[in-house]
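Reader: Got a minute to go through this one with me? I'd like to start with strand pairing and see where that takes us.

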Amino acid sequence: MTTSSHATAVRFTGVARSFRGYTAVRGVSLEVKSGSFLSVVGPSGCGKSTLLNIAAGLTKPTEGAVEIFGQPLNGINRKAAYMFQQDALLPWKTVLGNITLGLEFRAADPRQAVQSAQTWIHRVGLDGFRDHYPHQLSGGMRKRVAMAQTWIVDPAIVLMDEPFSALDVHTRLLMEGEILALWAESTKTVMFVTHDLEEAIALSDEVVVLSAGPASHVVGVYKVGLKRPRNLIDIKTDPLFVDIYRSIWRDLREEVLKSYDRGEKA
Amino acid sequence: MLVWQILLGAVLLLAWEAGASAGLLDKFFFSRPGDVIARVWQMLATGAVWGHLSTTLLEAALSFLIGVTAGVLFGFVLARNEFLANLLDPYIRIANALPRVVLAPIFLLWFGLGIWSKVALGVTVVFFIVFFNTFQGVREVDPVIVDNARMLGASERQLIRHVLIPSALTWIFSSLHISIGFAIIAVVVGEYLGSSRGIGYLISQAEGVFDTTGVFAGMAILAGVVLGVGALVDRLERYLLRWKARDAGSAKGAVA
């Protein structure tokens with residue numbers, strides 16, 4: 001893709017979005033550098049998912065503009081894939097059918113699609129589950145299918161909305177490691193939404209903190225200077241990690257308390 | 001379970017038989033199972049019933065096909081078009097509120113004594129059941145699944161084929177169980193009210209000469225047909241909805 005050489009994968013300029021009088025985000029300007037791993041954190045209900053949906057082209061901003069590799073975004077973002085927080089697999093398709101879906105929509109050669117899906121099934125560790133339906137799989141396995149489903153179409157940008165929040169701690173750590181490995185061997189740009197600051201720091205090059213909603217905006221952007229490849233199991237005790245955590249938490253803490261106050265009053 | 005189900009039927013039939021033999025149930029009004037079974041056997045063996053049965057089945061099949069096709073089509077179009085759905089909403093309610101029996105004489109005038117007046121009556125019943133279920137089914141598709149498919153590059157047509165139709169299928173199937181039964185009921189009522197062929201005609205003839213055994217025999221044959229067709233739909237459903245967790249299907253029997 002020639003446009004991928006552009007230095008900025010996603011650029012928000014003065015973006016606002018309201019839903020029937022409720023302003024979710026306002027005045028958001030943000031750059032996601034091409035090939036980087038960026039996380040967005042903030043108190044719950046601060047419009048993190050709204051930003052992601054805007055980058056995906058699923059939600060139109062009421063104000064401001066979004067550019068993808070320098071091109072204004074109109075309609076669905078064709079350069080991006082999206083991993084949702086909820087289960088988004090088609091329950092009536094098998095693991096194989098779900099993974100080949102994106103290729104099928106792009107009218108790829110069916111035999112090649114199946115072949116490519118086979119390698120992905122192996123890669124995400126689902127050998128032997130090819131013909132299973134989603135309801136026959138565990139939550140972690142369904143996430144693996146979703147991972148293969150989004151990465152198989154080889155998108156330049158991967159958007160992830162708290163994809164692992166429903167998993168238990170150990171499965172989650174495992175999946176985070178797999179995502180990092182996948183990303184490291186690619187040139188893809190990742191925009192990752194989470195409310196877990198530790199997860200955000202451990203995975204990302206940059207962490208963006210959003211203010212408490214409504215009308216949330218960017219409070220700060222922090223570089224994470226931890227070297228790669230990272231060992232997700234030990235990284236949380238690394239002194240540098242702790243320093244970064246402290247400095248981001250100072251800002252995030254206030255926003256969380258604000259959102260807590262508003263929640264109490266409401 | 002099947003054993004218990006058969007046992008219950010047998011107990012009821014025996015009680016009926018015993019009641020009739022003991023004189024508790026007047027044979028003139030209630031007939032008796034032995035006679036009914038003998039009559040059914042006789043109707044089947046002499047071949048007297050086949051012509052009538054095939055007419056009824058043809059009418060039911062036609063009204064089912066036309067009703068389901070129209071219901072699914074309208075359901076889809078209205079579910080995808082907010083304006084049309086709102087515009088037509090009161091008229092659909094009015095049309096659905098009409099008791100179908102009052103339409104029978106009008107259809108007789110319009111379409112004559114042949115099969116088409118019965119088919120028309122059947123369609124008015126099947127259409128609404130399938131329409132409402134399809135409409136609901138398409139509307140209740142999980143928006144996350146739709147978003148996911150769109151992000152993966154689905155065009156509007158692919159979205160309908162891979163997401164909306166399979167998702168609506170559960171609803172459509174639950175309506176098929178009901179609408180097959182109703183299609184048969186409707187055409188039999190149509191035959192009963194005016195025709196020269198069909199099971200409904202047989203029943204009305206038997207009733208005309210106070211032949212209770214004949215009425216019950218007609219009902220027994222209908223019941224057999226409905227059970228058989230229902231079993232076929234069950235198998236088709238089990239195949240097409242094989243992706244569903246098995247326990248989810250248990251509520252269905254209560255509706256049908």
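Author: Sure. Bear in mind that this is a predicted model. A pairing to start with: A:Ala81 has A:Val158 as its bridge partner in E7(A).

Reader: OK, and how many bridges join E6(A) to E7(A), and do they run parallel or antiparallel?

Author: Four bridges join them, and the two strands run parallel.

Reader: What's the strand order in the open sheet they belong to?

Author: The order is E6-E7-E8-E3-E9-E10 in chain A, six strands with mixed pairing. From one strand to the next, the twist averages 15°.

Reader: Which strands stand at the edges?

Author: Strand E6 (80–83) and E10 of chain A. Each has a single partner strand, so one side of each is left without a neighbour in the sheet.

Reader: Let's move inward. Which strands does E3(A) pair with?

Author: E3(A) pairs with strand E8 (residues 189–193) in the parallel sense over four bridges. Four bridges also join E3(A) to strand E9 (residues 206–210), again running parallel.

Reader: Can you give me residue pairs? Who is the bridge partner of A:Val40 in E8(A), and what does A:Leu38 stand opposite in E9(A)?

Author: A:Val40 is partnered by A:Val193. A:Leu38 stands opposite A:Glu206.

Reader: How many residues of strand E3 in chain A are buried?

Author: Five of its five residues, 37–41, are buried, so the strand counts as mostly covered.

Reader: And which residues sit on which side of E3(A)?

Author: A:Phe37, A:Ser39 and A:Val41 are on one side, with A:Leu38 and A:Val40 on the other. Both faces are covered. That split fits the usual pattern: in a regular strand the side chains alternate between the two faces of the sheet.

Reader: Switching to A:Val32. Where is that found?

Author: A:Val32 is in strand E2 (residues 22–33) of chain A. A:Val32 counts as buried because there are 24 C-beta neighbours inside 10 Å, and the cut-off for that is 20 or more.

Reader: What is A:Val32 in contact with, leaving aside neighbours within four places in sequence?

Author: A:Thr8, A:Ala9, A:Val10, A:Leu38, A:Thr189 and A:Met191. A:Leu38 has come up already, as one of the buried residues of E3(A).

Reader: How far apart are A:Val32 and A:Asn74?

Author: They are 42 residues apart in sequence, and 18 Å apart in space from C-alpha to C-alpha.

Reader: Now the backbone oddities. Where's the cis peptide bond?

Author: The bond from A:Arg228 to A:Pro229 is cis, with omega near -5°. A:Pro229 lies in the loop between strand E10 (218–223) and helix H7 (239–265) of chain A.

Reader: Which residues have a positive phi although they are not glycine?

Author: A:Glu162 is one, with phi of about 40°. B:Ser31 is another, at about 50°. They stand out because most residues other than glycine have a negative phi.

Reader: Is A:Glu162 buried or exposed?

Author: Buried, because there are 20 other C-beta atoms within 10 Å. A:Glu162 is in the loop between strand E7 (157–161) and helix H5 (169–184) of chain A.

Reader: And B:Ser31, buried or exposed?

Author: Also buried, with 21 other C-beta atoms within 10 Å. B:Ser31 lies between helix H2 (27–30) and helix H3 (33–46) of chain B, in the loop.

Reader: Since we've reached chain B, how many residues does the contact take from each chain?

Author: The contact takes 15 residues from chain B and 18 residues from chain A. On the chain B side, helix H8 (143–151) and helix H9 (156–193) each supply at least two residues. H8(B) gives the most, with six residues.

Reader: How do the residues on that side divide into nonpolar, polar and charged?

Author: Nine are nonpolar, four polar and two charged.

Reader: Last one: what does chain A come to overall in secondary structure?

Author: Seven helices and 10 strands. Buried residues make up 42% of its 266 residues. The radius of gyration of chain A is 19 Å, which agrees with the value near 18 Å for a compact globule of 266 residues. Among contacts between residues at least 6 apart in sequence, 71% join residues at least 24 apart.

Definitions and conventions:
Residues numbered from 1 in each chain as written. Chains lettered and ligands numbered in written order. Predicted model: local features only at pLDDT ≥ 70, side-chain atom pairs only at ≥ 80, totals over all residues. Buried ≥ 20, exposed ≤ 12 C-beta atoms within 10 Å, placed from the backbone. Pairing = 2+ DSSP bridges. Contact = placed C-beta atoms within 7 Å. Nonpolar A, V, L, I, M, F, W, Y, C, P; charged D, E, K, R; others polar. Rg over C-alpha atoms; globule rule 2.2 N^0.38 Å. Axes fitted to C-alpha atoms, helices over the stretch in contact; angles between N-to-C directions.
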